[in-house]
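User: I'd like to learn how to read the packing inside a protein model. Could you walk me through it?

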Amino acid sequence: MNICIVAGARPNFVKVAPILRAIDKAKAEGRDVECDLVYAGTESDATLEQSLFDDLQMRHPDVYLGVDCSSLNELTGRVMGEFERYLLGHPTDVVIVVDDLASTMAAAIVTKKQGVKLAHLVAGTRSFDITMPKEINRLVIDGLSDLLFTAGEGASNIVTREGVQLSQIYLVGNILIDTLRANYNRFRRPEILGQLGISDQEYLVFTLNRKVLIGDADNLRNMLKAIIQASGDLHIVAPLRGYARKAVAAQLATINANLDRFHLVDPLGYLEFGYLTAHAKGIITDSGNVAEEATFNGVPCATLNSYTEHIETVRTGTNVLVGEDPNRLSEVVTDMVSGQWKKGSLPDRWDGRSAERIVQILLS
């Protein structure tokens with residue numbers, strides 16, 4: 001069997017790494033399986049630093065489509081053209097597309113037009129906000145897919161209600177946890193914590209990525225004020241990059257408060273960031289991936305959104321949805337700092353065997 005895995009952005013590789021390991025294991029056991037890892041972007045992509053592949057103990061992509069543009073529609077068209085050329089030159093039995101990016105959707109469309117079996121990881125995630133480009137991508141990809149790999153019962157129920165046949169849906173569990181479990185004992189304490197004199201459990205982690213939050217300067221300033229005022233004696237460690245870092249720095253400069261305990265630090269590699277979040281007093285984030293890892297680690301997490309694609313982190317785990325309300329954020333961070341937080345548990349199939357299940361399904 002010839003498998004092709006398509007990744008469209010840096011976070012996808014955290015989910016791809018365990019599948020590559022499971023395929024290598026199956027191959028070592030004598031199974032007839034080969035795999036190409038295809039990246040939609042360029043080989044010079046600055047987000048794909050060598051440390052990412054070292055941390056995840058995985059190989060670099062076998063093929064780079066070389067698409068690099070900011071327009072989502074242009075990106076979609078160019079990825080479709082380049083991926084069609086790939087499939088025409090590489091006999092493929094199944095294509096696995098990851099998450100819900102424009103490049104993911106583009107690869108999914110081409111796969112079906114070429115008559116190749118399509119698998120989607122992670123299927124069934126929904127915001128129910130059709131104005132979001134990613135929501136359109138999710139609907140298209142799931143509608144085209146022959147195999148839908150879901151992380152939880154909520155996602156499986158969603159695609160069932162949308163008319164997908166039960167025989168196409170596979171609840172494989174959360175693939176992020178495969179990577180987390182495999183690397184947990186390899187986590188490295190970030191040097192910046194020692195340089196700042198910060199001990200474990202004496203800090204909150206703050207991450208930011210959503211454009212709607214970054215773009216509303218007044219609300220961002222009020223949310224930062226809420227975090228600073230409610231954090232008490234705890235440090236706030238914010239490993240931010242790019243536009244998010246600039247926006248936060250600009251708003252901090254306008255806040256009349258003691259900022260000695262608020263630390264904008266450089267982005268961290270996977271192993272260092274894993275340690276940072278696993279040993280935090282609490283986490284404030286707009287990232288679903290970070291919230292999922294917080295649930296695994298049992299760390300209180302406030303998500304700066306009104307919904308989550310993985311409701312298990314709220315129903316079963318340690319995640320609380322805050323939305324974009326600074327007053328609500330202040331209340332939640334106060335509870336976090338004081339230790340008044342709900343007890344979480346691991347959702348179903350967060351056992352580190354999701355990739356193994358996926359490969360078994362493909363080979364059967």
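Analyst: Happy to; we will look at the cores, then at a cavity, then at one residue. Keep in mind that this is a predicted model.

User: Which residues have the most contacts inside the largest nonpolar core?

Analyst: The general idea comes first: in soluble globular proteins, nonpolar side chains tend to be buried together. Here the largest nonpolar core has 47 residues, and those with the most contacts inside it are Ile3, Ile5, Phe13, Ile19, Met58 and Phe149. Helix H1 (residues 12–28) gives the most to this core, with nine residues. A second, separate core of 32 residues includes Phe206, Ile227, Phe262 and Met336.

User: What is Phe149 in contact with, beyond its neighbours within four places in sequence?

Analyst: Its partners include Ala119, Leu121, Tyr170, Val172 and Ile358.

User: Now the empty space: which residues line the largest cavity?

Analyst: In general, rolling a probe the size of a water molecule over the atoms shows where empty space is left. In this model, the search finds one cavity of 30 Å³ or more, with about 30 Å³ of space in it. Its lining consists of Phe206, Leu208, Leu220, Met223, Leu224, Ile227 and Leu304: seven nonpolar residues, no polar and no charged. Helix H10 (residues 217–230) gives the most to that lining, with four residues.

User: Is Leu208 buried or exposed?

Analyst: Leu208 counts as buried because its relative accessibility is 7%, and the cut-off for buried is under 20%. Leu208 sits in the loop between strand S8 (203–206) and helix H9 (211–215). Leaving out residues up to four places away in sequence, Leu208 touches Leu213, Leu240, Val248 and Asp286, among others.

Terms used
Residues are numbered from 1 along each chain as its sequence is written. This is a predicted model: local features need pLDDT of at least 70, side-chain atom pairs count only at pLDDT 80 or more; totals for chains, interfaces and linings use all residues. Side-chain values use heavy atoms; hydrogens and water are left out. A nonpolar core is a set of buried Ala, Val, Leu, Ile, Met, Phe, Trp, Tyr and Cys residues joined through side-chain atoms within 4.5 Å. Buried means under 20% relative accessible area, exposed over 50%, partly exposed in between (1.4 Å probe, protein chains only). Helices (H or I, at least four residues) and strands (E, at least two) are DSSP runs, numbered from the N terminus. Contact means heavy atoms within 4.5 Å. On a 1 Å grid over the protein atoms alone, a cavity is a set of points where a 1.4 Å probe fits but cannot get out, and a pocket is an open set with protein on both sides within 12 Å along at least five of seven lines; lining residues have an atom within 4 Å of a point. Grid points are joined across faces, edges and corners, and a volume is the space filled by probe spheres set on the points. Ala, Val, Leu, Ile, Met, Phe, Trp, Tyr, Cys and Pro count as nonpolar, Asp, Glu, Lys and Arg as charged, and the others, Gly among them, as polar.
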